[in-house]
Each structure stands twice: as structure tokens, then as C-alpha cells.
Amino acid sequence: MNVAKSGYRVFSANSSVACTELAKKITERLGVELGKSVVFQESNRETRVDVKESVRGQTIFIIQTIPRDVNTAIMELLVMAYALKTSCAKNIIGVIPYFPYSKQCKMRKRGSIVSKLLASMLAKAGLTHIITMDLHQKEIQGFFSFPVDNLRASPFLIQYIQEEIPDYRNAIIVAKSPSAAKRAQSYAERLRLGLAVIHGEAQCSESDMADGRHSPPCVRNTTGHTGLELPCKQQAPFPGIELPIMMAKEKPPITVVGDVGGRIAIIVDDIIDDVGDFVAAAEILKERGAYKIYVMATHGLLSADAPRLIEESAIDEVVVTNTVPHEVQKLQCPKIKTVDVSMILAEAIRRIHNGESMAYLFRNITTDD
């Protein structure tokens with residue numbers, strides 16, 4: 001299909017060959033050719049983009065998968081978007097299946113909300129719309145000044161459970177922490193399965209660190225008067241008024257709420273990166289009688305020693321989508337399986353270009369998913 005008939009172009013902003021596989025699958029489903037461009041790193045590590053064809057007045061979709069070198073991928077996307085903007089493209093739509101820095105979407109002590117910063121950078125570079133998948137927090141959509149379509153991978157993962165897990169009716173959906181319970185409940189209700197939640201001191205919930213309650217420094221008591229106020233001494237707001245003592249949070253002993261004995265345990269989450277929590281959860285589930293353990297996640301970052309840890313753990317299989325390239329990790333660990341989501345990304349591109357409703361892509365999807 002040539003540009004005159006399609007009216008849009010699809011480009012890949014990745015300089016890595018492994019990262020262009022998803023873009024090729026999407027364009028094959030759409031029946032269009034991948035746009036001609038060159039993305040490369042110069043000897044001083046600066047990113048350079050050369051668009052090799054006219055894009056004037058056209059709608060452009062930029063597919064950018066995020067490899068381990070996250071910051072380089074972000075610069076490639078920004079530079080390509082700006083190159084297309086200055087080449088008079090009509091609309092520039094970013095297809096970013098895994099949105100980077102999505103875990104940094106809350107204020108942590110004296111840190112920053114990097115997701116909001118990245119959203120502003122993308123808008124400044126020229127993007128007018130974004131298609132992504134399973135944002136870590138749905139509220140991230142509010143950081144953008146343009147439309148965001150947050151697609152879901154759960155239909156593909158649920159289909160995998162139904163078709164690839166023998167006797168899945170004897171399974172139970174597990175949340176590895178209370179914060180993941182809503183997502184697990186959504187899976188459990190659609191599969192008509194039971195729900196279990198792991199809670200206790202072995203888990204470190206992200207929300208425990210995100211609200212800044214640990215940011216005030218400790219109180220130091222001093223004897224005598226030195227004429228200097230210590231930096232960390234806490235002063236009462238008014239003389240004679242004492243604030244209530246802030247009780248430190250203490251997690252209870254590890255517990256599994258729900259019966260997993262003699263069942264297949266399926267742990268669901270949106271991101272699997274540092275696998276320590278998943279490995280610990282698998283060990284607890286084995287102790288409680290689960291005879292097979294699966295981990296299902298949308299984004300398989302699988303950083304550092306994740307493949308080795310998975311291979312040596314009680315986990316039987318890790319199922320992730322191809323939003324993030326992980327072919328090297330699959331060679332290191334045969335337990336890792338991949339589900340292709342190029343179909344829904346291609347359909348989203350087609351519907352946006354044709355001005356069709358996106359509601360069909362969200363059918364039977366709950367707000368908690």
C-alpha cells in the first residue's frame with residue numbers, strides 16, 4: 001500500500017535492530033511499508049536522525065520500543081519527532097508500548113515526578129497523540145496536554161491462560177502485594193477463578209515510599225544551649241503545642257490470604273523487572289502448597305540477573321508481551337514465553353487514522369484492569 005492510498009506513514013525511531021521487530025510486525029499487519037529513515041549514534045554518542053522521504057501534510061506514527069538503554073531510546077524518539085515536525089508533518093503520533101519512567105509518577109521525598117517531565121518533553125518535540133499499553137498508573141495520562149490511548153494487554157494474557165495452561169480451572173490468581181489486588185481481581189473475575197493476596201514483611205510496597213511521610217529528618221535532643229539550631233531538630237509550630245507522635249509503619253508477618261494448596265498459582269502484574277519480589281512470592285506459594293507457579297506481566301524488562309534468578313527459582317513459567325525486546329533474556333532462560341500484541345497496536349493505528357471509535361479495543365475491560 002503506497003502513501004497516496006494509506007495517507008499515513010509508520011516510522012521506527014530505534015537505532016537497534018532488535019527493537020525494530022515489533023515495528024515490522026505492526027506494518028505487516030497494516031499492509032504498509034516502514035518509513036525510510038536512518039537513526040544512529042555518532043562517535044560522541046549524540047543521536048542523529050535523517051528522514052529519507054517527504055512527510056509534508058501527512059499523519060505520522062512513530063513506533064518506539066524501549067530497550068535497556070532507556071535514555072538513548074527517549075532521545076531517539078524526541079529527535080525523530082522534532083525532525084518530522086520541522087518537515088511539516090500534519091500529525092505526529094507516538095506508539096510507545098512501554099512508557100519509560102512510568103514508576104516515577106509520584107513525589108518521593110525530595111525527588112521529582114519524571115513522568116510529567118517526559119510528557120512535557122514529548123509535547124514540546126511535536127507529538128500530538130500517544131498510544132501506549134498498561135501504564136504503571138493510569139493517572140499518568142493527566143500529565144499530557146494531548147490525547148493518550150492506554151491499551152490493555154490483559155485479553156492476550158487471559159487467552160494465553162485459557163489456551164496454554166492445562167487445567168487452568170484449577171488455578172488461582174495471586175496478587176504479590178495488596179497494591180496489585182485490583183488488577184488480580186479483574187483477572188480472577190473474567191476467568192471465573194479464585195483470588196489470593198500475599199501480604200507481609202517480605203513485600204515492599206511502592207506506596208510506602210511514595211508519599212514523603214519518611215522525609216522529615218529525625219529529632220535530636222541536645223543538652224545545654226550552644227546558640228546554634230541543629231538542622232534536623234523539629235520545632236513545634238507554636239510554643240506550648242505538641243504534635244501527635246508519628247507511629248512508624250510495621251508490616252505483619254508474611255501471610256497468604258486465600259487457599260492456594262493443590263492449585264496452580266498465577267501471579268499477575270504490569271511490569272516484571274527486578275524479579276526478587278516474584279521469586280520470594282513463588283517460594284511462599286510453594287510452601288503453602290501450590291504445585292505450579294506462573295507469572296504474567298505486560299512489560300518484561302527483566303533487567304540484570306533476572307533470567308538466572310527465574311531459572312533457579314520455583315517459578316515454572318514467566319509470560320510477558322513483546323512491548324519490550326527480550327530475546328537475549330529468552331536465550332538465557334527457557335522459562336520466559338512471549339505473547340504478541342502487535343495486533344491491537346496495529347488496529348489502534350488503523351482506527352485513529354480512519355477516525356473510528358477506539359471503544360471496541362476496550363470492550364469488557366474494567367477500570368481496575
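The following exchange goes through the terms used for this predicted model and what supports them.

Mentor: Local features need pLDDT of at least 70 and side-chain atom pairs pLDDT 80 or more, while totals for chains, interfaces and linings use all residues. Residues are numbered from 1 along each chain as its sequence is written, and side-chain values use heavy atoms, without hydrogens and water.

Trainee: What makes Tyr8 and Phe61 an aromatic pair, and why is the pair called edge-to-face?

Mentor: Rings of Phe, Tyr and Trp (its six-membered ring) pair if their centres lie within 6.5 Å; planes under 30 degrees apart are stacked, over 60 edge-to-face, and the rest tilted. Tyr8 and Phe61 are 5.7 Å apart centre to centre, with 85° between the planes, so the pair meets the distance limit and counts as edge-to-face.

Trainee: Why does this pair tie together parts that are apart in sequence?

Mentor: Tyr8 lies in strand 1 (residues 8-12) and Phe61 in strand 4 (residues 59-63), so the pair joins parts 53 residues apart in sequence. Strands here are DSSP runs of E, at least two residues, and helices are runs of H or I, at least four residues, both numbered from the N terminus.

Trainee: Why is the pair of Phe144 and Phe146 called tilted?

Mentor: The angle between their planes is 55°, at 5.4 Å centre to centre, so the pair falls into neither the stacked nor the edge-to-face class. Phe144 and Phe146 also form one aromatic cluster with Phe99.

Trainee: Are Phe144 and Phe146 buried or exposed?

Mentor: Both are buried, where buried means under 20% relative accessible area, exposed over 50%, and partly exposed in between (1.4 Å probe, protein chains only).

Trainee: How do you know that Arg363 lies over the face of Tyr360?

Mentor: A charge sits over a ring if NZ of Lys or CZ of Arg is within 6 Å of the ring centre and within 35 degrees of the ring normal. Arg363 is at 4.1 Å from the ring centre of Tyr360, and Lys176 lies over the face of Phe278 at 5.1 Å from the ring centre.

Trainee: What makes strand 5 and strand 6 a pair?

Mentor: Two strands pair if DSSP finds at least two bridges between them. Strand 5 (residues 91-96) and strand 6 (residues 129-133) have 4 bridges, in the parallel sense, so they qualify. Both belong to an open sheet of 5 strands in the order 1-4-5-6-7.

Trainee: Why is one side of strand 1 and of strand 7 left without a neighbour in the sheet?

Mentor: Strand 1 and strand 7 (148-151) stand at the edges, so each has a single partner strand.
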